[in-house]
Amino acid sequence: MPNLYYKEAQRRAQKEFRACTSRGEYPYLPVLDDFVSRDRLNRGVDLGLLQVPLEFVVGTCTGVRTNAFARNFMPLLEEDSEFASKWQALCQAHVEEGIRDPIKVYEYMNRYYVQEGNKRVSVLKFFDGDVVSANVVRILPEHNGTREVELYYELTDFFRLSRINYIEFSKPGSYLQLQQLMGKGPDEPWTEDDRRDFASAYYSFRRAYEAHGGKQLSSTAGDAMLAVIQVYSYQALRSKTPSEISHLVSNVWEEIVLQQEEDPIDVKLAPKEKKTSLLSKMFSPGEKGPMRIAFIHDKTPTESGWTNSHEQGRLYVQRVFGDSIQTTAYFNALDSDPFAVIQQAIAEGNTVIFTTSPRLLPASLRAAVEQPKITILNCSLNKSHRYIRTYYARMYEAKFIIGAIAGSLAGVDNVGYLCDYPIYGQIAGINAFALGVQMVNPRTKVYLEWSTVGGAEAAIRRLTDRNIRLISSRDLTRRGDRSWTSFGLSLISGEDRVILAAPVWQWGVYYEAMLRLIRDKSFQAEYEESVKALNYYWGMSAGVVALHCTDKVPPSTQKLAELLQNSIRADLYYPFRGKLYAQGGKVLDGDLTPEQIIGMDWLAENIVGSIPDYDQLSEIGKATVDMVGVEAASKDKR
């Protein structure tokens, strides 16, 4: 029997050899010595005895034995050779009692190169083994800024906590995200039970993933599993049977396929233009009555300016469309189970649902997967989910103009900027403000502080202690809250605070345009025309962002603000145009794309301050960053 096994193994080797040769690939085992110096090998880190995935054992340490094996580790030498006899003896031992002696390997970039035990690996691979016991020495690559190396170092950080080496991702930040979705802190080690449960969940998921055609995708099984966990949670996945996991994979297959896209987000910068008659602009009740629309919020209008602005938007569209729509607001969704709140809204007949906080995104995504006939949108930015669309406003356009106003009024003084969260969209606002300041007053510095680091009042004091009086603060104020620190661009002198200019979120206009898209089928057409996640990122040209100047702003400065606003609204001016200079001497040459603006994690050179570390943030700040934080703020979680 071992002889028959060897013949079959040799046949597989010859087939692999011919296939590699026809593709112009090296047909033998890769040799670690060919691309890693002996000095680096001598500086390896001993990891001890590990269970190594056989699929990641890809080569040999030296070239001594490489020609004995095809690239798939199957044997090439003749049946009457001493090598073949030893291979067959190992094969017999494996069939009778299993191979128990560990091999010795070097690990480089999560691939393993055999120092001792090539034939053991060959036999185990022939019998489709999953793992092999190995004494492992890790060889660390040099940091060179490439995605592959940075991903590898993220894996080593993850391995330090989990001791798991078999899951791989193609996108930076995924290991940290998995740690978070497991319900663990950034530096919390895994227990043996954690590892056992995860291995069971991962391999069950992987079988379902590959059965659905996962091997044909360019993304990894880890990418796909993370996508499913984001929808259903790890705890839910862990408790499912293989058939139930297969059902989950089917449910979110478009989300899984999306993971292979290098640029998975399709950014829509303005409403799709459509010629319509006056009559077609009017909503009319459908055959089954008015369209029912739910607005789900994480807070109440009295405690949150953000919620209040969206509530005003709801009231606006109710007035515009009258009896043709029926809107309902649901507040404090995070006080209970937000998914249950969305389910309640659906049960009450709502077919369009706007969730107005990034923290409601996970529940919104799950509901969108389980209720594909319901239209669900979440107010956030830069999230790549196929089953749900996100929307946000290009507030950086207004911030740029406010920066120009501040720069024109500052004279020889510096100005301040107070921001809440280091999340997508906010960094663009900071930089746009700084560029506006720089345009009219090149020597003025912008001092940056964060309200989620020690509180808003303390942040304002840090600025005023520097004799900074012109401060750009929050875009919104709480209704009726007189103690609010600052709003818009303010001139602060002691206890006196005078508002000069403020950005305006026109959520009513936004929701009106969005509902018209949904009603005239353009919304569904956009989905069908794209294979990517759809993010709506509208600005002044769509009428969803505006600027208000008070009479405290000098007339000449108001004219400047009006000129800039009209230019941006007509797409004649663009804040992030031409050569830009960032902190640390970084230069960005050329107009930035919408994707580059959304994903900003750098600060302009005239800004004094930095993006805060994750550990510095308040608990609400951390929760928000967990959902939509920029990489510079999120990476410090590990």
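**Contacts, cores and the N110 site**

Among contacts (heavy atoms within 4.5 Å) in the chain between residues at least 6 apart in sequence, 71% join residues at least 24 apart. The model is predicted, with local features requiring pLDDT of at least 70 and side-chain atom pairs pLDDT 80 or more, while totals for chains, interfaces and linings use all residues. Residues are numbered from 1 along each chain as its sequence is written, and side-chain values use heavy atoms, leaving out hydrogens and water.

Buried residues (under 20% relative accessible area, 1.4 Å probe, protein chains only) account for 52% of the 638 residues in the chain. The C-alpha trace spans about 95 × 65 × 45 Å along its principal axes.

The largest nonpolar core (buried Ala, Val, Leu, Ile, Met, Phe, Trp, Tyr and Cys residues joined through side-chain atoms within 4.5 Å) has 90 residues, of which F354, Y391, M514 and F576 touch the most other members. Helix α15 (residues 396-410), a DSSP run of H or I with at least four residues, numbered from the N terminus, gives the most to this core, with nine residues. Beyond four places in sequence, the contacts of F354 include I293, F295, L377, Y391 and M514. Another core, apart from this one, holds 56 residues, among them Y152 and L226.

N110 lies in the loop between β3 (103-108) and β4 (111-116), strands being DSSP runs of E with at least two residues. N110 is buried, with a relative accessible area of 2%. Its side chain reaches the backbone oxygen of N165 at 3.3 Å. Excluding residues up to four places away in sequence, N110 touches F56, Y152, L155, N165 and E168.

Technical notes: Buried < 20%, exposed > 50% of the residue type's maximum accessible area, 1.4 Å probe, protein only. Polar contact = N/O pair within 3.5 Å; in protein donor to acceptor, adjacent residues only side chain to side chain.
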